[in-house]
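Trainee: I am new to this structure and would like a close look at a single part of it. Please take the cysteines, and then set them in their surroundings.

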Amino acid sequence: RRRRKVLEKLKEAVDERKKLIATLRGKPWPMRKKLESQVFVEKYEGALGKGRGRRLYAYKVMMRKVRALAYFYAFFILCLKYSGHFGSSVASYFLFLRWMYGINMILFSLTFGLVMVPEALMARPYGSIPRKTVPREEQANAMDFAVLWDFGGYAKYSVLFYGYYNNQRAIGWLKFRMPLSYFLVGVGTVAYSYMVVIRTMARNAKEDGGGDDTSFNFSWKIFTSWDYLIGNTETADNKFASITTSFKEAIVEEQESRKDDNIHLTRFLRVLANFLVLCCLAGSGYLIYFVVRRSQKFALEGLDNYGWWERNEVNMVMSLLGMFCPMLFDVISTLENYHPRIALQWQLGRIFALFLGNLYTFIIALMDQINLKRAEEEKVKFNMTIWQANLYNGTLPENSTAIPIMVDPADVPRGPCWETMVGQEFVRLIISDTMTTYITLLIGDFLRAVLVRFLNHCWCWDLEYGFPSYSEFDVSGNVLGLIFNQGMIWMGAFYAPCLPALNLLRLHVSMYLQCWAVMCCNVPQERVFKASGSNNFYMAMLLVILFLSTLPAIYTIVSIPPSFDCGPFSGKSRMFDVIQETLETDFPAWFGKVFSYASNPGLVLPFLLLMVLAIYYLHSTSKTYKHANLELKKKLQALREKTVLSSDTARNKMSLQTPREKETELNAELCVIQCNTITIRYNTINKISAAYNSMLI
Amino acid sequence: MKNKHLQKISFIILKMFPNFKQQYFLSRLFHRYRDLAPQLVPLDYTNQPDVRLPYELIGSMPELKDNPFRQRIAEVFSEDGEGNMTLDDFLDMFSVLSEMAPRDLKAYYAFKIYDFNNDNFICKSDLEKTLNKLTRNELTEDEVRMVCEKVIDEADLDNDGRLSLEDFQHMIVRAPDFLREVCNFHHRFTSTMRGKMRKKIQEITL
């Protein structure tokens, strides 16, 4: 019938408009035309019936609001606003900081919500069992600030560290499986971090397109070198200067062929520079090892005999090395005479090697201490049996221990707890690193700026343009520092659940402090260029650090038995035995059987082999796709040379007019039908809307 | 306080942007537009008054005042092609130049910005003007000529001695810095309209 036909045509027109609107964002139409399309749909969509997506939409709106709040737009806006003064490299640093903050927020919520809070609320309180109480000998100074700052005393015997946790299988009325939760949270934080880093890398890689790097050198220089984020005249002047310099460089490179006279001298100097750098790295590694050995000696002789420096020697040495060696590398790299971008990459690589070497030396030294503590365990176990015997000797000698003797938990002799020691070391390292960073910031940036500004009047040479002048914001150095701190968090989070919380606080303070320092004491960089074209360089570094920092934790979990007297895994022979225990007790029998079959080496090895083969296959197919891509590009170029390119404008004009025509036509027809029976129209509309809804589903 | 702002916004715009974030930042943008010339721009846009702000005011905004292409940007987004912008043009400009605009849209507008003589092609004279604005006339004539020739060599696919939109898009989408640095403003919080079906259904009061 005519009515049905018209309504069908109406639905078609609305569908077409909807398809158009889905791509509306990408169309280069002025605002008014976009508004018209939306008005059209709005008018006629209602005629077809209201959609069912309302509730879902409201939920989505609420989630978006919550997410917006959670992203701390307030100070983020502040940072971005000020980083406009310096261009996008500084903005990229703050964006990276925000992203790290997001990851740490998730890690914090996991450790806080699933580990610290259940233990604090549902498990036995402080002072009820020996491992949760400060021993009698230490109680005198457990509240001293010096001891607390060192994370001893009450801080050590709290949910902040591994040693406090009880190994009771299920706690509270919820029957919360504490040891299982601890283990899974530890594994989960690592898994989550991997997932997030790899997902971000994949997203960045997709955006980059992975095309040729030098085929459009000049074109990119001319069209993409202006930084639209610049909002300050001084930065703009610098940017103009750097663009001009970059053009002149590129022109010179293009005009002359590279003549390498004295290629032998350059090569010799580069080899010499690398040799010097290797010496530095070896020296710093040895220094750390030596210092850790010394601290072990101090610990054996009792820390009270020594002053503040001896107690914090290791951390201070590591932080100072981290501060001065990069400057040394900078000086050595002047020998090499590389292009600045390549020199920066070498520099970053060397700093990376330095930090890595230091960290691993530190861990090896820690391993020695762990072994010492484990040797001590045997002695303590022996002593405890003697002590218990003595205790029962004093009262009725009962063979059955039906009547337990009330002993103050503070008096019970304690077994050594290597996990808490490891946790404490990492926390101390992070704190000293943070302090060093802040102090360098204050002295190196703020004090320097104050001195330059006020002494400039009464100094022989111009302090602002010569030495020392104001400091620049070192983006790559700061990003590296951020990455390495995160690595230390990942390493220590299993033994000190407080580390993500600490890191969150640190990042928060860092954001504000660095924002202020950038605004008040730094000047924009003279030469604005980045280490690489994409963010993936730093992401790749983060991934490597993630892998390398989870290795030691995994090694200790798998190969070292847990302490017998502290932590959620005490009493087990290996920490991962908690999984086995859960499978046996909490799951039905057939589940355990399936798992034991699945973990059979005969099954696991072929599976691993299959995965390796899959990786090889995917790699080779990706290579063929890249090759095919190149071929297609060439074909496209050849085609373009032959055919005439048709412009989009003609098509655009057409699509602008026809909806309007359609609109007037349908308007008229609809009025005619409306003039007829109203109830019949209402019924048909209902039918169509139902059909349409089912189409949606 | 935000309710007061929202009440003053154009009725149509409010209907089109049910999203809270969009409404809030639209109101901010409207007030930035108004702050350029409070005596010219009325608070009530229900009757869609025809108000155009002259180019001098637009070009003095902090985001644009240091940009060498500010005149071209204003000309491209203005209706009359001379840089005098209505509120619609202003919103258009910010929405294209925000970080949420899609890459192809940015490429299209970048092409129009660099096309100084508005002939839908970037020819050699356009390139020379771009380069001179970028380096503030510090390169010699020879150097400018050499760079322009090199650019045409690299990017011109149909061999007509000038860059068409397709050539430009083909070259620009591969640039690593394009999305991040170029054509991005501080106001990352404006977003272009999302013409999603469900939002419209919700707003219909039939």
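Mentor: What follows starts with the cysteines and then moves outwards to the chains and the places where they touch.

The model is a predicted one. Over all chains, the count of disulfides comes to one. The disulfide is formed by C417(A) and C566(A), whose sulfur atoms lie 1.8 Å apart. The link of C417(A) and C566(A) is right-handed, with 90° about the S-S bond. Distant parts of the chain are joined by this pair, as C417(A) and C566(A) are 149 residues apart. C417(A) sits in the loop between α14 (340-394) and α15 (418-455) of chain A. C566(A) sits in the loop between α18 (536-559) and α19 (577-586) of chain A. Both C417(A) and C566(A) are buried.

Other cysteines can be set beside this pair. For C325(A), the closest cysteine sulfur is that of C280(A), at 5.7 Å, and that is too far for a bond because a disulfide needs the two sulfur atoms within 2.5 Å. C325(A) has 8% relative accessibility and therefore counts as buried. C458(A) has 57% relative accessibility, so C458(A) counts as exposed.

Now the chain that holds these residues. Chain A has 23 helices and two strands. Of its 697 residues, buried ones make up 39%. Among the contacts in chain A with a separation of 6 or more, 78% are between residues 24 or more positions apart.

Chain B can be described in the same terms. Chain B has eleven helices and zero strands, and its elements, read from the N terminus on, are α-α-α-α-α-α-α-α-α-α-α. Chain B has 206 residues, and 55% of them count as buried. In chain B, residues 24 or more positions apart account for 57% of the contacts with a separation of 6 or more. One helix of chain B shows burial in detail: α6 (residues 87-96) has nine of its ten residues buried, so this helix is largely enclosed by the rest of the structure. The buried residues of α6(B) include L87(B), F90(B), L91(B), M93(B), F94(B) and V96(B). D89(B), D92(B) and S95(B) are also on the list of buried residues of α6(B).

The two chains also meet. Helix α9 (residues 217-224) of chain A packs with helix α10 (residues 165-172) of chain B at an angle of about 95°, their axes being 10 Å apart. The angle makes α9(A) roughly perpendicular to α10(B). From α9(A), the contact is made by S219(A), W220(A), F223(A) and T224(A), and from α10(B) by F168(B), M171(B) and I172(B). Of the residues in this contact of α9(A) with α10(B), five are nonpolar, two are polar and none is charged.

A single residue of chain A gives another view of the two chains in contact. T244(A) is found in helix α10 (residues 233-255) of chain A. With 5% relative accessibility, T244(A) counts as buried. A polar atom of the side chain of T244(A) lies 2.7 Å from the backbone oxygen of F240(A). Leaving aside neighbours within four places in sequence, T244(A) is in contact with T135(B), E138(B) and L139(B).

Notes
Residues are numbered from 1 along each chain as its sequence is written. Chains are lettered from A and ligands numbered from 1 in the order in which they are written. This is a predicted model: local features need pLDDT of at least 70, side-chain atom pairs count only at pLDDT 80 or more; totals for chains, interfaces and linings use all residues. Side-chain values use heavy atoms; hydrogens and water are left out. Helices (H or I, at least four residues) and strands (E, at least two) are DSSP runs, numbered from the N terminus. Buried means under 20% relative accessible area, exposed over 50%, partly exposed in between (1.4 Å probe, protein chains only). A polar contact is a pair of N or O atoms within 3.5 Å; within protein, one must be able to donate a hydrogen and the other to accept it, and residues adjacent in sequence count only if both atoms are side-chain atoms. Contact means heavy atoms within 4.5 Å. Axes are lines fitted to C-alpha atoms, for helices over the stretch in contact, and angles run from 0 to 180 degrees between N-to-C directions. Angles under 35 degrees count as roughly parallel, over 145 as roughly antiparallel, 65 to 115 as roughly perpendicular and the rest as oblique. Ala, Val, Leu, Ile, Met, Phe, Trp, Tyr, Cys and Pro count as nonpolar, Asp, Glu, Lys and Arg as charged, and the others, Gly among them, as polar.
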